[in-house]
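Here are my notes on the model you sent round. Please read them with the structure open.

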Amino acid sequence: MAVHALWQRSVIPGFGLTLGITLSYLGLIVIIPLCVMFFKAADAGWAKFLAELTSPRTLAAFRVSFGIAFLAAFINAIFGFIVAWVIVRYDFPGRRFVDSLIDLPFALPTAVAGIALTSLYSVHGWLGAPLAAIGITAAFTPLGILIALVFVGLPFVVRTVEPVLLDFDRELEESAAMLGASRTSILFRVVFPPLLPALMTGFTLAFARAIGEYGSVIFIAGNIPGYSEIVPLLIVIKLEQFDYAGATVIATMMLVASFILLLAINLLQAWTRRRQGG
Amino acid sequence: MVDLAPPADLVADDSARRIASPLPLTESFATRVALILVALFFLMVFLILPLVVVFAEALRQGIGAYGAALIEPNAVAAIELTLLTALIVVPLNAAFGIAAAWAITKFNFPGKNLLITLIDLPFSVSPVIGGMVFVLLFGAQGLFGPLLTAHGIKIVFAIPGIVIATLFVTLPFVARELIPLMQKQGTQQEEAALMLGASGWQTLWRVTLPNIKWSLLYGILLCNGRAIGEFGAVAVVSGHIIGLTNTMPLQVEVLYNDYAFAAAFAVASLLTLMALATLALKTWLEWRAGTPVARTRL
């Protein structure tokens, strides 16, 4: 009997129970609420949909959110790559401390990050004062939003590039060097190409996180409509004014953007795995 | 047989070159130092200074004012509400994570990848939307609003709303840690235990859980950190009623907007200490487990 059971598809119990718990819990807390939101948005009708999406304030908020999030993800891609490179390849005092500190933006509540960055970059702040001296106002401008979004997205690129860099086969570099390649040519033709999918995954993750970010941004942004107002804040303002239709329409557009990015991230991760040969 | 050894003159040439200039296997000393300095400057400006500024601002008016801000009744109420929320949310999402990981990794069924994507969904949705959906469901003008009002039940602008919004935002953490690990571990050990006569629960307690304990603890740690620190989703459903529905992050916001900066940073410093403890525990867990426990995203 026991031998016979080995050949069955699965001897492990609990399929019905665990899948049942998973589906009902996920359904109640995530799926049904999100579906209700879609129905509410559909309820609003096309006229409201178009009016909401073509209003100058909404358009400006989308421009601010997506534009600055893109720029922040780009900055994170460059500096995150340098940080990952330095942590994996070089040895310097405090390397392990720096490595464990990278995850701070994941662990620090966003509201705390928001008030800390505002205090740091305001005109009288430790960094805001020197910036003001050279004529740059950081807090309460789009530059402030950029600073908050760089903070929030910082770990993504480092943490996606780091493992690929660790697994990188150093023998490839040695072969290239033995064959007479210069260091620059080794870096650009041997080392960087396999890291590109991971770098792009990290960029997209940072971008996706940045467009939805709320807590760290609202303190430093100044929140001037049309200038430094982000989409999540606009949703909150509409909700506070009981304009539920307007809020759902904007939120639905955000959600569609999130779905597209989620798809892109899954494709990029599949690409990363293929490039790693895993 | 083909002679694979290179001609003698080439070998000699090669060794001569190696002595003259070493193989370019790393960057020049100057480049290395420059890159390290760039990385450290970036981390200094974006990570370390914000961390230091929290404590500097919190202690600006002295240790006495700092302590007074923390034992102020509304601050205490906020701390209690935050801990209560975490105490409800973390066990529920941990249980969900174990059940979901068991179903997904121990069995084959169609739509598995879709299910994994759906579990991930709260990570890619703006936390503000995570709060908003529950206002649409349970708010005064929401789908179940009239029904709830008729029975005198308050969810939005009350504690149940805060708990549900936090459940939404932190749902993926434990599942996301367990699924990749349990996929890699396979089902052989469980099958062996069951063959030897263990019951399903015995297998879970004695075989599966010991195998996944470090990742499970890490998932719980992350879930707890986010449950305590969540701001956007909770801000939408809480109504900011001071002393009643303000969690610690919301209390920070209220104090800050009232220009009570030292008090705001005092409460914020507790949250910062929690974040630092989370990072320290993560580093310890990785050391115990011998490998990076997880490469997760929050």
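The points below deal with the contact between two chains.

1. Ground rules. This is a predicted model: local features need pLDDT of at least 70, side-chain atom pairs count only at pLDDT 80 or more, and totals for chains, interfaces and linings use all residues. Residues are numbered from 1 along each chain as its sequence is written, chains are lettered from A and ligands numbered from 1 in the order written, and side-chain values use heavy atoms, without hydrogens and water.

2. The interface. Chain A gives 98 residues to the contact and chain B gives 94 (contact means heavy atoms within 4.5 Å). About 8600 Å² is buried between the chains, 80% of it on carbon and sulfur atoms. Buried area is the accessible area (1.4 Å probe) that two parts lose on being put together, summed over both. In chain B, the most area is lost to chain A by F42(B), F46(B) and L47(B), together 8% of what that side buries.

3. Salt bridges. The two chains share two salt bridges (a side-chain nitrogen of Lys or Arg within 4 Å of a carboxyl oxygen of Asp or Glu). E27(B) pairs with R183(A) in a salt bridge, with the closest N and O atoms 2.7 Å apart.

4. A helix pair. Helix 2 of chain A (residues 15-54) and helix 4 of chain B (residues 73-106) have axes that come within 8 Å and cross at roughly 130°. Helices are DSSP runs (H or I, at least four residues), numbered from the N terminus. Axes are lines fitted to C-alpha atoms over the stretch in contact, with angles from 0 to 180 degrees between N-to-C directions.

Terms used:
Helix = DSSP H or I, 4+ residues; strand = E, 2+ residues; numbered from the N terminus.
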